[in-house]
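Please look through the sequence and the structure below, and keep both at hand while reading the paragraphs that follow.

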Amino acid sequence: MRIYNTMSKKKEEFVPITSGEVKMYVCGPTVYNFFHIGNARTFIIFDTVRRYFEYKGYKVKFIQNFTDIDDRMINKANEDGITIKELGDKFISEYYKDADGLNIERATVNPRATEYIDDIIEFVQELINKGYAYEIDGDVYYSTQKFQDYGKLSGQNLDELKSGVRINVDERKKDPMDFAIWKGKKEGEPSWKSPWGEGRPGWHIECSCMAHDLLGDTIDIHAGGMDLVFPHHENEIAQSEGRTGKTFANYWMHAAYLNVNNKKMSKSLNNFLTARDALKKFDSEVIRLLMLSAHYRTQLNYSIDLLEASKTSLERLYNSLDNLESLKEASNTEKLNDKEVEYIKKLDSYKQKYIEKMDDDFNTADAISIIFDLIKEINVNVNADFSKEALQYAIDLIKDLGTPLGILQKSTKSSLEDEIEELIEKRQEARKNKNFKLADEIRDDLKAKGITLLDTPQGVRWKKA
Ligand code: AMP
Ligand code: ZN
């Protein structure tokens, strides 16, 4: 597999630290609000990266943090008259609702910055001891001059960076590029006791600290949105490599931004949309298909028209699956014949092409095209003369290619029918046992799925509402 590494600005062969395992850290949301569809794109992209590694048989340790202490958290908590803990709790639980809604797999661990304060303090102290950081009036700054490689990720050196800095920088800093890793307490801010007085951690230190605690000195992949290259990830490297003297992450992946109606999303342009808003109107798989329809390193535009188009595309895929299910029901033969064994090899060649695309820096855009090519092939050449086994093979193959993308995972026609029949049987059983509560629950459950039950003299029938 090849991954574009922001550090080398090249695609590189992926070689894991431990064979068969991927240690991955993705910068997560600040939990002061519902996450927006821009965040959703980045989360879906790295969820897909993770799923693809799993698809290839890797065991993935996937860490995504919750930033639950920073200016945005403090301001919002003050506005709402609640503590940052209450604010964090609320939006972490909302995060899970929306992320689950988007078929985003749960991380191995979602660490919260405020749960790592002791470790962060220890980290800061170590950087001071090693001469990488200095304290002034209760603040602790990272001394960028001390870290020789500062700027290596964003491809700038300190002088170039400094020329871009505004003049009114904090005069107490040794260098304008130095950044706070510990911030002394200000009035009205939450704080923790530390050797430098009461205060709170800076933003960059939390990721260095939690990545280290949960994944070790060196990790395989560090990822986030493109905006994080500088200064966030640059600063994480300075902190982590300053502390351990080892490479922090072997591969740096960055996802390009999502625009809305071809403009940057912002509250003032009134084109700000939460993932939840999008999920109210569109199915999660439709949203994922759109988000993955462009390569992750190219910007993607979001609009209702594009979502509608993506919905139509997804329907084409599901129609094809439904058609295969119907053919399977109609088929009179069970087992594969020799001709079909050959034909299946042809179908498998699409899987090979799909894997080539995904192996090439997760080219989901081309991988999706391959799924459509496969569907076209099947729609033209597969019919009811095929055996049930061959038809099932085609169904499984299509669904298999959808797995890393988190699409095509829903029940298709016949499996849905099986599910309904099963529930009806369970309800009959419940009624026989006079468990009317359960029977009613099953009826309601079916109703929620749009299924109405009709008690007829011939037994229970059902229809789709
Ligand atoms: P934040 O909560 O702003 O710290 O962002 C959480 C994640 O979403 C980070 O990886 C950001 O880089 C990413 N992100 C923020 N805005 C966008 C956007 N418009 N498009 C894509 N990713 C974004
Ligand atoms: Zn981070």
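Phe-362 is buried, with a relative accessible area of 3%, which falls under the 20% that serves as the cut-off for that word. This comes from a predicted model, and the ring of Phe-362 forms an edge-to-face aromatic pair with Phe-53, the centres being 5.8 Å apart and the planes 65 degrees from each other. Phe-53 belongs to helix 1, while Phe-362 lies in the loop between helix 11 (338-359) and helix 12 (364-381), so that the pair links distant parts of the chain, 309 residues apart. Phe-53 is buried as well, with a relative accessible area of 0%. Both residues belong to one aromatic cluster, whose other members include Phe-14, Tyr-251 and Tyr-354, and a search of the whole structure finds 21 aromatic pairs.

A second link runs through a metal. The zinc ion (ligand 2) is coordinated by the SG atoms of Cys-27 and Cys-207 and by NE2 of His-232, at 2.0 to 2.2 Å. Because Cys-27 lies in the loop between strand 3 (21-26) and helix 1 (37-55), whereas Cys-207 is in helix 6 (residues 203-215), the two cysteines tie together parts that are 180 residues apart in sequence. Cys-27 and Cys-207 are both buried.

Helix 7 (residues 229-244) can be checked by its length: at 1.5 Å a residue its 16 residues should span 22 Å, and its end C-alpha atoms, 21 Å apart, agree with this. Since 13 of those 16 residues are buried, helix 7 is largely enclosed by the rest of the structure. Just after helix 7, Gly-245 takes a positive phi of about 70 degrees.

How values were computed. Residues numbered from 1 in each chain as written. Chains lettered and ligands numbered in written order. Predicted model: local features only at pLDDT ≥ 70, side-chain atom pairs only at ≥ 80, totals over all residues. Heavy atoms only, no water. Donors = N, O, S within 2.8 Å, 3.2 Å for Na, K, Ca; no water. Helix = DSSP H or I, 4+ residues; strand = E, 2+ residues; numbered from the N terminus. Buried < 20%, exposed > 50% of the residue type's maximum accessible area, 1.4 Å probe, protein only. Expected span 1.5 Å × (residues − 1). Phe/Tyr/Trp six-rings, centres within 6.5 Å; stacked < 30°, edge-to-face > 60°.
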